[in-house]
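The following exercises are to be worked with the sequence and the coordinates at hand. Each task is followed by a solution in steps.

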Amino acid sequence: MVEVNALDQLEYYLTSLDELGEILIDADQSASVSKGVLRLTLGTVMASKGAIFLYHHEGDQLSILAAQGLKKEAPLSSPRNLSGQCLKHRYSHIELDENQSWITGELKKCILELGAKILVPLFHKDRLLGLLCVGKKFMGESYTSAEIKILKIIANHLTKALYNYELIQNVDEKGKQLNLKLLELETLFDISVAISSVLDVDELGEEILWRSVGILNASKGMMLMPKENSPILEPNSSFNWEDTDVLISKKLTIFKKIDDIKSGIILTPEDKNSLQKKLGEHHIIIAPIRAKDNILGYMVLCNKETRHGVEAFTQTDLDLLSALCNQGAVALDNARLFKDITEAKQFNESILGSIATGVITLDPLGEIDSINQAGMNILKMNSDETIGNHYMYLFEKDMEIIGLIQMTEMENKIHSEINMSFLTVSKEAVVNVSVAPRIDPGGSVRGLVIAIEDITDVSKVKNTFKRYVSKQVVDELLNDDAKLNLGGEEREVTILFSDIRGFTSMSENMSPENVVSTLNEYFSDMIDIVFKYNGTLDKIIGDELMIVYGAPISAKDDTQRAVTTAVEMQKQITRLNKKRIKRKDIPISAGIGINRGIVVSGNIGSRDMMDYTVIGDTVNLGARLCSAAGPGEILVSSAVWKETQKHCSYKELEPIKVKGKKNKVGVYRIEHDG
Amino acid sequence: MSDFSLSVREEGNTVIIETTGYLNNVGGEKVSEACYEKMDDGKKHFLLDLENSKVVNSIGVSILIEIIEKLQDVDGKLGYYNLAPIVEKTFNIMGLTKYSTVYYSEAEGLEGMA
């Protein structure tokens with residue numbers, strides 16, 4: 001009978017162990033395992049009350065994983081040196097009696113409440129994981145050795161399960177920590193990517209701030225930047241911060257300290273720093289944003305969040321924030337440099353765009369890498385036709401310019417040439433060209449700069465006007481466009497006509513070559529005098545010269561200069577005749593007439609043939625006076641006489657009848673000794 | 001950006017919660033409150049429009065995990081759309097996307113919830 005009972009008992013225990021295996025396999029959390037195991041344990045040993053406690057080394061606490069017959073649920077403080085006391089019973093169990101005086105406090109209360117008899121320490125190697133506590137058996141029977149054995153077997157399995165769950169929990173925790181580290185690394189990586197992609201200072205600042213707030217679980221943050229020429233620190237960007245109008249001075253001791261130690265600072269409620277007062281926050285972490293030795297600003301974050309409230313930032317947080325700020329500093333510095341360079345480039349481009357000189361830059365390979373608007377206008381090409389092309393291709397028709405560029409390339413010094421024909425554009429185009437090496441800050445040559453000044457129009461004006469006016473007048477006109485009015489206008493001028501007397505009949509006895517050489521010699525001498533007194537050569541008609549004083553540029557002494565010109569012309573003719581007589585050429589003589597009055601001046605003619613000239617009665621009277629003048633005579637009108645009588649000797653002649661005038665006009669003859 | 005706010009609406013059986021602001025402890029709690037209130041009414045499908053929540057911290061993520069756990073108990077689903085790249089990356093790294101789904105539009109989200 002006893003053997004049968006023992007067999008039954010054995011079978012019962014085996015069934016319990018089998019059930020235990022199922023519990024351990026099926027349950028997926030330590031709490032549910034413990035609940036199942038406790039129920040099974042109590043059923044196996046026929047006890048009504050019991051509990052499984054989990055021991056937490058950190059905090060030296062016990063928590064109740066599963067309990068039957070125990071009201072308490074909250075964690076309880078463990079007796080002093082629980083682990084050490086239990087170690088003595090590592091391979092056995094503790095029978096709870098009055099000898100266990102080390103069991104004190106809340107654990108003792110629980111044991112009394114459970115009426116516990118047996119306590120099995122759950123050890124994995126030397127590490128206490130928990131306690132299995134079993135109450136008294138039904139009917140107050142004592143525990144048999146078989147029951148103690150089965151309790152220990154169950155406890156061993158429970159220990160293994162708890163250890164496994166702890167391992168899993170640790171792995172989960174480590175996984176979570178690794179994920180957070182990964183997130184930190186990703187954030188650092190993202191910021192390093194942003195360095196190369198985001199070049200807007202504000203946008204970048206915001207990006208770094210957002211990332212920092214998120215990764216450090218801060219509740220809010222702001223990036224403070226020094227205001228230019230001021231000790232004030234301004235929020236460059238802020239996150240989750242309602243009132244950013246707080247006046248923060250860079251002179252606050254905390255910023256001075258950060259500058260000195262070149263590192264960030266953590267503030268806790270105990271610090272009572274003035275910045276905490278200003279911001280109305282107790283938990284603050286600040287890191288400098290430093291590029292080399294220059295502090296660009298400060299990152300200020302507040303309140304490290306947890307599920308249970310706010311806690312102090314740690315050194316690890318500060319290390320991470322410092323790393324983010326260091327990355328950010330590089331990015332911000334790059335962005336600032338880019339902004340400066342862009343502004344400088346825009347400034348340079350606006351200067352280059354506004355000047356009239358064409359500026360073309362060549363890279364070290366000789367290809368055009370930039371050209372300003374004036375350059376495109378001068379070359380009559382757009383940027384597509386120029387950028388990227390080699391200068392040899394661009395200036396292939398202008399070997400002189402190519403030579404100039406090549407000289408600069410070889411000698412690395414500036415070469416200039418003026419009045420160069422510019423066949424790239426047209427046969428008529430004339431340019432001044434200057435080629436200089438492009439030297440980088442390190443002193444290395446990085447290509448060339450070609451400056452082209454289009455002087456085609458200037459050259460045209462000079463070439464055109466220099467035939468009619470003196471160089472001095474041309475220069476004056478070119479220097480001051482306001483003086484040049486080539487449109488039609490009424491103006492007061494003095495007109496001088498000169499005409500060789502009897503030249504037509506004289507030339508009949510001369511060879512054509514002699515006629516031409518005579519006229520060329522005569523006109524050359526006369527025009528030199530005209531230009532000497534800044535007269536404008538209006539026309540040469542046969543042997544007649546028409547000179548204007550007062551157009552296109554007027555002066556107070558226009559009439560006096562005309563008179564002086566006339567006197568000098570007559571003197572030169574006398575000198576010329578002496579040479580002619582020596583050469584046995586027929587002497588020549590000229591009559592000159594001068595008038596002053598209102599004319600219409602301007603470019604007059606057809607679209608194909610247009611000349612700057614003057615027309616009107618004043619001109620006609622000048623011509624009539626010239627006709628009336630005898631050989632060597634200078635006849636002037638009353639108007640000329642009035643202006644110059646003080647400086648010249650005149651003889652008043654009989655008034656003459658002039659075509660188109662009702663009344664005779666007054667005539668005066670200059671008494672000269674030419 | 002400051003102050004967290006949200007609006008809740010329903011499209012069929014799906015509850016759409018549009019958030020504005022930092023999804024941290026405060027923001028996360030407000031989202032969970034809104035979700036649990038609707039779960040009490042029998043709702044199981046939730047979509048979060050995070051267009052105006054550009055920053056999420058790990059506390060916000062842990063609250064979302066709690067919401068997912070509670071939804072799993074009732075065979076519910078949580079999804080998101082209009083995520084900023086940084087938020088999507090955080091969700092991926094923190095393992096949130098294993099148990100919930102990122103959609104690229106409300107329409108796609110509603111289709112996924114059906």
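## Exercise 1. A hairpin and its strands in chain A

Gly542(A) takes a positive phi near 65 degrees in the hairpin of β20(A) and β21(A), where two residues lie between the strands. The model is a predicted one.

**Task.** Determine in which sense β20(A) and β21(A) pair, and over how many bridges. Then establish which strand besides β20(A) pairs with β21(A), and how many residues of β21(A) are buried.

**Solution.**

Step 1. Strand β20 (residues 536–541) of chain A pairs with β21(A) in the antiparallel sense, over five bridges. Within this pairing, Ile540(A) stands opposite Leu545(A) of β21(A).

Step 2. Strand β19 (residues 489–500) of chain A also pairs with β21(A) in the antiparallel sense, over six bridges. Here Phe497(A) stands opposite Met546(A) in β21(A).

Step 3. Burial is then assigned by counting C-beta atoms: a residue with 20 or more others within 10 Å is buried. Strand β21 (residues 544–549) of chain A is mostly covered, with five of its six residues buried.

## Exercise 2. Positive phi outside glycine

**Task.** Asn419(A) and Lys584(A) are to be examined. Where does Asn419(A) lie, where does Lys584(A) lie, and is Asn419(A) buried or exposed? Is Lys584(A) buried or exposed?

**Solution.**

Step 1. Most residues other than glycine have a negative phi. Asn419(A), although not a glycine, has a positive phi of about 55 degrees. Lys584(A), also not a glycine, has a positive phi of about 65 degrees.

Step 2. Asn419(A) is found in strand β16 (residues 415–421) of chain A. Lys584(A) is placed in the loop between α18 (558–582) and β22 (590–605) of chain A.

Step 3. The cut-off for an exposed residue is 12 or fewer C-beta neighbours within 10 Å. Asn419(A) counts as exposed because it has 12 C-beta neighbours inside 10 Å. Lys584(A) counts as exposed because it has 6 such neighbours inside 10 Å.

## Exercise 3. Helix α9(A) and the nonpolar cores

**Task.** Compare the reach of α9(A) with the expected value. Then identify which residues touch the most other members of the largest nonpolar core, and how many residues α9(A) gives to this core.

**Solution.**

Step 1. α9(A) has 40 residues and reaches 57 Å from its first C-alpha to its last, close to the 58 Å expected at 1.5 Å a residue.

Step 2. The largest nonpolar core has 75 residues, of which Met299(A), Leu301(A) and Leu321(A) touch the most other members. Helix α9 (residues 315–354) of chain A gives the largest share of this core, eight residues.

Step 3. Buried residues of α9(A) include Leu320(A), Leu321(A), Leu324(A), Cys325(A) and Leu332(A). Leaving aside residues up to four places away in sequence, Leu321(A) touches Ser212(A), Leu216(A), Gly264(A), Ile285(A), Ala287(A), Met299(A) and Leu301(A).

Step 4. Another core, of 45 residues, lies apart from the largest one; Leu62(A), Leu82(A), Ile150(A) and Ala155(A) are among its members.

## Exercise 4. The fold of chain B

**Task.** Which pattern of helices and strands does chain B follow, and what is the order of the strands in its open sheet?

**Solution.**

Step 1. Chain B has four helices and five strands. Along the sequence, they follow the pattern β-β-α-β-α-β-α-β-α.

Step 2. The five strands of the open sheet have the order β1-β2-β3-β4-β5 (chain B), with mixed pairing. β1 (5–11) and β5 (101–102) of chain B are the edge strands, each pairing on one side only.

Step 3. Strand β4 (residues 77–81) of chain B runs parallel to β5(B), joined to it by two bridges. Gly79(B) stands opposite Thr101(B) in β5(B).

Step 4. Of the 114 residues in chain B, 41% are buried. The mean pLDDT of this chain is 91; confidence is lowest in helix α3 (residues 85–93) of chain B, at a mean of 87, and highest in strand β2 (residues 14–20) of chain B, at 96.

## Exercise 5. The contact between the chains

**Task.** How many residues of chain A are in contact with chain B, and which element gives the largest share of that side of chain A?

**Solution.**

Step 1. The contact involves 17 residues of chain A and 17 residues of chain B.

Step 2. On the side of chain A that touches chain B, two or more residues come from each of α5 (145–197), α6 (201–215) and β12 (294–306) of chain A. The largest share, five residues, is given by α5(A).

Step 3. By class, this side of chain A has seven nonpolar, six polar and four charged residues.

Step 4. The scores of the model are ipTM 0.74 and pTM 0.50.

How values were computed: Residues numbered from 1 in each chain as written. Chains lettered and ligands numbered in written order. Predicted model: local features only at pLDDT ≥ 70, side-chain atom pairs only at ≥ 80, totals over all residues. Contact = placed C-beta atoms within 7 Å. Nonpolar A, V, L, I, M, F, W, Y, C, P; charged D, E, K, R; others polar. pLDDT = per-residue confidence, 0-100. Core = buried A, V, L, I, M, F, W, Y, C linked by C-beta atoms within 7 Å. Expected span 1.5 Å × (residues − 1). Pairing = 2+ DSSP bridges.
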